[in-house]
Amino acid sequence: MKVMAEYIWMDGHQPTQKLRSKTKILNKKISSVSELPEWGFDGSSTNQAEGNFSDCLLKPVWLCKDPIRGKENILVMCEVMNADGSVHASNTRAHLRKIEEKFSKENIWFGIEQEYTFFEGRNPLGWPEGGYPAPQGPFYCGVGADEAFGREIVEDHLDLCLEAGLELSGINAEVMPGQWEYQIGPLGPLEVADQMWISRWLLYRISEDYGVSATLHPKPVKGDWNGAGAHINFSTQSMREKGGLKVIEDACEKLRKKHDEHIAVYGAHNEERLTGDHETQSISEFSYGVSDRGASIRIPMQTSNDGYGYLEDRRPSSNMDPYQACAILIETTCS
Ligand code: ADP
Ligand code: MN
Ligand code: MN
Ligand code: MN
């Protein structure tokens with residue numbers, strides 16, 4: 001029997017790492033990641049090595065069903081290692097691995113909202129050639145051929161994610177036409193981040209079939225149009241229990257002190273999005289508030305009413321690396 005295993009990894013592209021993948025043919029059905037062989041690739045073609053010493057190592061760390069190829073085929077998330085087996089500089093997962101272990105007793109949950117924008121050529125999908133659609137207003141959660149652009153791809157992507165076993169919790173059309181969102185979680189740190197990367201790969205991959213590209217740029221269209229974020233919803237065990245609101249407020253005060261460090265790993269070009277308009281707080285300010293979508297951190301109404309729950313960090317941009325963003329959230333609030 002032949003099994004196709006799609007090995008997926010993050011490259012060394014700066015300022016935003018991109019996904020790469022290639023297919024390995026195996027001779028037996030795989031049921032756990034430990035059965036998968038390591039593999040190599042040419043790091044000089046991915047900004048991960050010099051040409052004269054180019055071999056990098058792919059270490060399989062997470063797998064799921066490949067919902068596109070079907071049958072026994074699989075998608076495999078990999079960490080990149082140096083030829084000697086040490087952690088490669090571009091491997092941001094290795095740090096989150098350590099942090100998750102260190103703070104395992106906190107029983108941390110993440111739910112990430114991934115916003116993205118479809119482009120057809122140089123235009124957002126559904127926009128008139130060289131012009132603009134009607135102003136924002138009717139598109140968020142809209143329905144109808146004049147308001148929702150790309151739904152067939154969105155539905156396809158949703159099916160694929162569920163088929164793969166990813167923990168999607170919802171989808172919606174966004175404020176800017178051609179822009180959409182899905183949410184993953186709540187899940188533990190490594191799980192949410194691995195699933196986020198795999199779901200992004202599936203999004204890019206299925207969009208290929210439609211001749212459309214999905215972009216995670218935080219401000220895909222300049223001007224009076226919403227940007228694209230990746231709000232991170234976050235809670236520890238003690239935030240979810242009676243008295244949790246106080247723990248959440250303490251966490252917000254810790255986050256205030258580390259604002260710049262967080263912004264540094266919340267995605268490139270985020271200053272174009274965090275302007276203080278379009279449901280954002282300015283990148284140079286930190287604030288938190290109940291039900292406040294103009295704050296850096298929103299405490300959901302339900303959490304305030306119950307006295308426990310979770311917080312929503314609204315600062316991360318759509319192109320953030322969930323390994324780095326989840327790690328710093330844990331380090332800042334749990335230390
Ligand atoms: P918004 O109102 O900001 O658009 P969404 O419904 O899009 O919110 O996303 C909320 C996310 O928060 C979901 O992925 C959900 O699973 C997650 N979530 C819910 N409760 C918790 C919790 N206690 N801890 C962490 N994440 C949570
Ligand atoms: Mn949302
Ligand atoms: Mn949204
Ligand atoms: Mn949100």
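A salt bridge is taken here as a side-chain nitrogen of Lys or Arg within 4 Å of a carboxyl oxygen of Asp or Glu. In this predicted model, a search of the whole structure returns 16 such contacts. One of them joins Glu35 to Lys28, with 3.9 Å between the closest N and O atoms, a distance that counts because the cut-off is 4 Å. Glu35 has a relative accessibility of 30% and is therefore classed as partly exposed. Lys28, at 46% relative accessibility, is likewise partly exposed.

A salt bridge also forms between Lys65 and Glu163, whose closest N and O atoms are 3.2 Å apart. This pair connects distant parts of the chain, with Lys65 in strand 4 (residues 55–65) and Glu163 in helix 2 (residues 151–164), 98 residues apart. Lys65 is partly exposed, its relative accessibility being 44%. Glu163 has a relative accessible area of 42% and is also partly exposed.

The salt bridge between Asp313 and Arg315 has its closest N and O atoms 2.9 Å apart. Asp313 has a relative accessible area of 0%, so this residue is buried. Arg315 is buried as well, with a relative accessible area of 2%. Both assignments follow because buried means under 20% relative accessible area. A further group of charged residues, Glu79, Arg93, Arg97 and Asp194, is linked in a network of salt bridges.

Metal coordination was examined next. The manganese ion (ligand 2) is coordinated by OE atoms of Glu113 and Glu181, at 2.2 to 2.3 Å. These two residues link distant parts of the chain: Glu113 belongs to strand 6 (residues 109–120) and Glu181 to strand 9 (residues 179–187), with their positions 68 residues apart. Glu113 and Glu181 are both buried. A separation of 3.8 Å is found between the manganese ion (ligand 2) and the manganese ion (ligand 3). Glu181 coordinates both ions. Glu181 of strand 9 is thus a buried residue that is shared by the two manganese ions.

How values were computed: Residues are numbered from 1 along each chain as its sequence is written. Chains are lettered from A and ligands numbered from 1 in the order in which they are written. This is a predicted model: local features need pLDDT of at least 70, side-chain atom pairs count only at pLDDT 80 or more; totals for chains, interfaces and linings use all residues. Side-chain values use heavy atoms; hydrogens and water are left out. Donors are N, O and S atoms within 2.8 Å of the metal (3.2 Å for Na, K and Ca); water is not among the atoms, so sites may look incomplete. Helices (H or I, at least four residues) and strands (E, at least two) are DSSP runs, numbered from the N terminus. Buried means under 20% relative accessible area, exposed over 50%, partly exposed in between (1.4 Å probe, protein chains only).
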